[in-house]
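Let's learn to read a helix and a strand together. Please look at the sequence and the structure first.

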Amino acid sequence: MFLIRTIVGGVTIATLSACTGPSPVPVARAMVYYDRAAFVETLKHDMPAVTGDVVQHGRCEVFVTTPENNVGSQKPCVFALTRETVYVASWNAFGTKYENLMTIPLKGVDQVAYTAFGGMRQVQLTEKKRLLGLAVFNDEATANPEKETKQAFESIKDSGVPEGKSIRGVIFSNALYYSTYSPIYINTRK
């Protein structure tokens, strides 16, 4: 009887917790503010260096590494693509404004590539000393759609950047490769 009450009680608590628990918010959405209708105006106000007509913008994650490597740093962001430059910005929640994360002049990009692995799609920009992977997300930051990612790839290619091939495939976050080492000491003295 005790076992049955314990099981029924556990199931009831789990069900109520699932119904009343907080709803998860995608990490990129929680960390970077993005309002499609007002984004360009807000970005140009916060970052006066953004010039030219913005042909595409949205939520993203940027991966930064060195050429010929596919493990690097990752940061949630928003991007604005013009015919000459890709602007990548982060969100300063304390100052309630966008801050420049990186400015990528397309004339300095050696090649652009589109690559995919599973559900991850990236536009990769190869420069002389770094490789950038831009993963474009939908407005809710819940999916990495193929259409918008390919649109960014085509826009960059149409700006005169030569198309190339991804050397090592999708760039992964180096956080996946961190491991902790805990030495174990065994005392053998009696």
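Q: How does the span of helix α4 agree with its number of residues?

A: The expected span of a helix is 1.5 Å times one less than its number of residues. Helix α4 has 13 residues (146-158), so it should span 18 Å, and its end C-alpha atoms are indeed 18 Å apart. Helices (H or I, at least four residues) and strands (E, at least two) are DSSP runs, numbered from the N terminus. This is a predicted model, in which local features need pLDDT of at least 70, side-chain atom pairs count only at pLDDT 80 or more, and totals for chains, interfaces and linings use all residues. Residues are numbered from 1 along each chain as its sequence is written, and side-chain values use heavy atoms, leaving out hydrogens and water.

Q: Which residues of α4 are buried?

A: Buried means under 20% relative accessible area, exposed over 50%, and partly exposed in between (1.4 Å probe, protein chains only). In α4, the buried ones are Thr149, Ala152, Phe153, Ser155 and Ile156. They cover an arc of only 165° around the axis (taken from the directions from the helix axis to the C-beta atoms), so they are on the same side of α4. Lys147 and Asp158 are exposed on the face turned away from that buried side.

Q: Which way do the residues of β7 point?

A: In a regular strand the side chains alternate between the two faces of the sheet. From β7, Leu131, Gly133, Ala135 and Phe137 point one way, while Leu132, Leu134 and Val136 point the other way. All of them are buried.
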